[in-house]
Every structure is written in C-alpha cells, then in structure tokens.
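Me: I should like to learn how to read the fold and the interior of a protein model. Please take the features one at a time.

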Amino acid sequence: ALFLAIFFWGLNAQYPVLGHDYFYFWPRILEGKWHFLRQGFAPLRFAPHLCGGFFQYGNPQDIYYSLPQFLSFILPLWSATQLSIAFAMILGYIGWMRFGKDVLNLTLPWALTLAIVCTANGFFFVHIAVGHLSYYTLPLMSWMLWALFHRKRESRWVFLERAIVFSGVAGMFLYSGTHIAWFIVIPIIAILLPVDLLLSMDFRERISTLARRIAIFLPLTLALGASKLVAIWSLMRFLPRTVDFQTYTASQNSVLFAIKSLWVAPQLAQFFTLDPVNRIHEESMFTSPVALVGSILLVML
C-alpha cells in the first residue's frame, strides 16, 4: 500500500504534465470509445480518425480489448488509466507472492520480498511514467509462471483452472498490446525450465508434469490469440520499415551496453545515449542496485 501511494504520487507529481506517450494511447482509447458506441465489441479493424486512417486490430500496440478501454466508457481517461495500473500491480503482486511460496518454496517474508522487488522496480515505473500504457499488464506475468511451474501435481479440474489462468494472461498480453511481455516471459521460462528440472526430486515425474502443461497451455494460448496473431502478421509483414528510429554507433559494444543497462549504479543518461533528454527510458532497465546486489549474492550463496 505504501509503495502504491509513492508510485501514484510519482505519476501525478507534475500533473497535468504527464508522460508524452500517453498521447499516443489516449487518442486510440477515444477512437475505441467512438467505435464501441457504433459497433460494440466487434474488432476495431481500422481507425479512420488516426493519422488519416490506420489499421488498429493488426497493430501490436492496439489496446481496444483492455481494461483501460473498458473503464474509459465510464471514467475519465486518467482515472481509467491509473485504476487499470493499480489493478494489474496488486494482482501481479499477489501472483509473485504465490510464485515465491508455491514454486520456489520461499518462506512468507521472502515471498513478500520477491513480490515487492518484481512489482516495485524502476523498469516498470519509468515506462508507466513516460506513458507506455501497453506495459501496464506486465506484473501479471507472475500468474503465467505460477501456473506453469507450480510444484504440486494437480487434479483435472485444478489443471483446467491453471490452463485458463496461463492462457488468459497470455491472451491479455496479446489483446492489451503488451507485445514486450514475450521478450521477458519466454527467456524467464527458458531459464527456469532446466533449473526446475535439476532441483526436482523425481526428474521423470517432473518433466512429465511440465511437458503435459506445456502441451495443453500452449495450444490454448494460440487458439485464444489466433485472431490477433493473424491480424498482426497480416499487417506487419507488409508495413514498410525503411527508416531507423534510433541507431547505435559502430564503436558501441552491445554486451557492455546490456551490462550497463542492468547493473551500473547510478543509472545516468550519459552512459547510454547522446540524447540524454529523450532516450534514457528506452536504454536503461532501471533495476540497479537491486539487480547488481542480487547478482553478487546469487554467486556467493
């Protein structure tokens, strides 16, 4: 509760001055409201009022089927946005706590520590502050990891519940425009799978359990997201991309860049870019010093 108070105080510290990228998403939410009043829940395939008209359903950042969009029908935009962020953070916090207890077998204090670190980090705050509304569902990845890596073997009904949780969160990522989630969730799963198997008491039983879950969860996710995935593929494979938004200098070392982005403290703009005013939120992970201290302790312990 204290962190949420600090978080939203930070978002409103310079109100009515807000992150510039909210003015990418809010016109689309208004367009969604206009569309809903005329065609209901039918997909917003094309937005006639944006940039002289633009495809929306195939846009990876389309948020027509999202909580901010639905709340905008009854609330002002900024209220709908903040309420959606708070909802995702609280639910994600609970998910990380459950992940810590049920998957990592942590005690309650350490599970709460894991939850607050995974929810209350600079990466999430900076992207929300600058207006990347499509990131707001990121804390919910905890429930995907919990459903996949839960330690206990489940009954059929519990298995179905976890399949719904996994595919439901994945579907929320797809339809809420959180395309960035896959660049985080997939590597986490890839890292946790071998660790989980190596630490299991019964290797064959555990690999059978995980294989069964993946075999069911993945097709459910693809079935739920098939419409959106086809729309995105159909648009993006023909959308011309001939101009770079930002390029790195030839002398820049990408490995060193990643190390700085994760572990250097303090995180200063001049470490990353020649344009310190506008690019720092795109270059830094803003997780120091927790990531640095945690990485050292991981090796030691």
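Reply: The dialogue below moves from the overall fold to the interior. This is a predicted model, in which local features need pLDDT of at least 70, side-chain atom pairs count only at pLDDT 80 or more, and totals for chains, interfaces and linings use all residues. Residues are numbered from 1 along each chain as its sequence is written, and side-chain values use heavy atoms, with hydrogens and water left out.

Me: How many helices and strands are in the protein chain?

Reply: Helices (H or I, at least four residues) and strands (E, at least two) are DSSP runs, numbered from the N terminus. The protein chain has 13 helices and two strands. Its radius of gyration is 21 Å, close to the 19 Å given by the globule rule for 301 residues, so the chain is as compact as a globular protein of that length. The radius is taken over C-alpha atoms, and the rule is 2.2 Å times the number of residues to the power 0.38.

Me: Is Thr 137 buried or exposed?

Reply: Buried means under 20% relative accessible area and exposed over 50%, with partly exposed in between (1.4 Å probe, protein chains only). Thr 137 is buried, at 0%, and lies in the loop between helix H6 (122-130) and helix H7 (141-149).

Me: Which residues is Leu 138 in contact with, leaving aside its neighbours within four places in sequence?

Reply: Contact means heavy atoms within 4.5 Å. With those neighbours set aside, the partners of Leu 138 include Phe 123, Phe 173 and Ile 184. Under the same exclusion, Thr 137 is in contact with residues including Ala 88 and Phe 173.
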